[in-house]
Amino acid sequence: MTTNGRGQQNRQESRQQDEVDVRQPIVAVVMGSDSDFPVVNGCIETLEEFDIPYDVRVISAHRTPDKAHEFASTARLKGLKVLIAAAGGAAHLAGVIASLTTLPVIGIPIQTPTLGGADSLYSTVQMPAGVPVATVSIGKAGAKNAALLAAEILALSDDQLHDRLRAFRAGMRRTVAEKNRRLRDQLANG
Ligand code: C2R
């Protein structure tokens, strides 16, 4: 599966249905199985929200080691800037990818029915010194934060993206202020 990012909702709405995003992907999102997709989708939606061109694919370090090797070792040459890898259980995908590239790698630990995702978290985060994987939290919050962290890395050299991140934070502040106001009104009015 390969897909390019299509931008914020208002941008999407202003685009024609058949308009193709031909920009070079700068973020790659890989997952160990399509069963991870319901969680990883939150990451993809956030990349879209920030208008970051991305590529998505299923690759497994365990089940398709040759593909994982080929993907990671050519990622930089292909113009990718940040790699995001989601996996569950014995989640070696992010670590293996990180071992084959100097691009920043962000790991998303996927929740598991047996151990709740602690297995995925530990096997993603506990990298030996020398090969970092920036590991986010288990599940949907982590998936969203992986995209935000990628955006923050890219915004170091992209002022427009930085502006979008600042606007996102301002929106969050307004939402929290509104929640605070509503709760206090509710409590004051019994
Ligand atoms: P299936 O649903 O296909 O059986 O996969 C996937 O990320 C998924 O969460 C079950 C789980 O296996 C994980 N998986 C890994 C790796 N490859 C697949 N952890 C890997 O290479 O690390």
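**Entry 1: a helix over the sheet**

I started with helix α6, residues 140-155, and found that α6 lies across β1, β3, β4 and β5. I noted its direction too: α6 runs at about 175° to β4. A reminder to myself before going on: this is a predicted model.

**Entry 2: the sheet itself**

Next I looked up the strand order. I read an open sheet of five strands, β2-β1-β3-β4-β5, with parallel pairing. Which strands stand at the edges? I found β2 (54-58) and β5 (134-135) there; each has a single partner strand, so one side of each is left without a neighbour in the sheet.

Helix α2, residues 37-49, was my next stop, and I saw that α2 packs on the sheet and touches β1, β2, β3 and β4 (105-110). Its direction makes about 175° with that of β1.

**Entry 3: the pairs around β3**

I then went through the partners of β3. With β1 (residues 27-31), strand β3 (residues 82-88) pairs in the parallel sense over five bridges. Here I found Val30 opposite Ala85 of β3. With β4, strand β3 pairs over six bridges, again in the parallel sense. On that side I found Leu83 opposite Val105 of β4.

How many residues of β3 are buried? I got seven of its seven, so I wrote down "mostly covered" for this strand. I also sorted the strand by direction: Val82, Ile84, Ala86 and Gly88 point one way, while Leu83, Ala85 and Ala87 point the other way, and all are buried.

**Entry 4: the nonpolar core**

I pulled up the largest nonpolar core, which has 44 residues. Which of them touch the most other members? My list reads Val27, Ile84, Ala85, Ala86, Leu93 and Ile97. I found two or more core residues in each of β1, α2, β2, α3 (65-74), β3, α4 (93-99), β4 and α6. The largest share is six residues, and β3 provides it.

I followed up on Val27. Leaving out residues up to four places away in sequence, I have Val27 touching Leu47, Ile52, Tyr54, Leu80, Lys81, Val82, Ile84 and Ala150.

**Entry 5: around the ligand**

I turned to the ligand and noted 17 residues around it. Gly32, Ser33, Ser35, Ala61 and Gly88 come nearest. Gly88 is one I had already met, among the buried residues of β3. By class, I wrote down seven nonpolar, eight polar and two charged residues for this shell.

**Entry 6: two spot checks**

I picked Ala75 and Asp163 for a friendly pair of lookups. Ala75 is found in the loop between α3 and β3. Is Ala75 buried or exposed? I have 22 C-beta neighbours inside 10 Å, and therefore Ala75 counts as buried. Its contacts, again leaving out residues up to four places away in sequence, are Ala28, Leu80, Leu83, Thr101 and Leu103. I also looked up a distance: the C-alpha atoms of Ala75 and Thr102 are separated by 9.6 Å, with their positions 27 residues apart along the chain.

Asp163 I located in helix α7, residues 159-188. Why does Asp163 count as exposed? Because I have 11 C-beta neighbours inside 10 Å for it, and the cut-off for exposed is 12 or fewer. The C-alpha atoms of Asp163 and Phe71 are separated by 31 Å, and these residues are 92 apart along the chain.

Methods. Residues are numbered from 1 along each chain as its sequence is written. This is a predicted model: local features need pLDDT of at least 70, side-chain atom pairs count only at pLDDT 80 or more; totals for chains, interfaces and linings use all residues. Two strands pair if DSSP finds at least two bridges between them. Helices (H or I, at least four residues) and strands (E, at least two) are DSSP runs, numbered from the N terminus. Two residues are in contact if their C-beta atoms, placed from the backbone, lie within 7 Å. Axes are lines fitted to C-alpha atoms, for helices over the stretch in contact, and angles run from 0 to 180 degrees between N-to-C directions. A nonpolar core is a set of buried Ala, Val, Leu, Ile, Met, Phe, Trp, Tyr and Cys residues joined through C-beta atoms within 7 Å. A residue is buried if 20 or more other C-beta atoms lie within 10 Å of its own, exposed if 12 or fewer, and partly exposed in between; C-beta atoms are placed from the backbone. A residue is near a molecule or strand if its C-beta atom, placed from the backbone, lies within 6 Å of it. Ala, Val, Leu, Ile, Met, Phe, Trp, Tyr, Cys and Pro count as nonpolar, Asp, Glu, Lys and Arg as charged, and the others, Gly among them, as polar.
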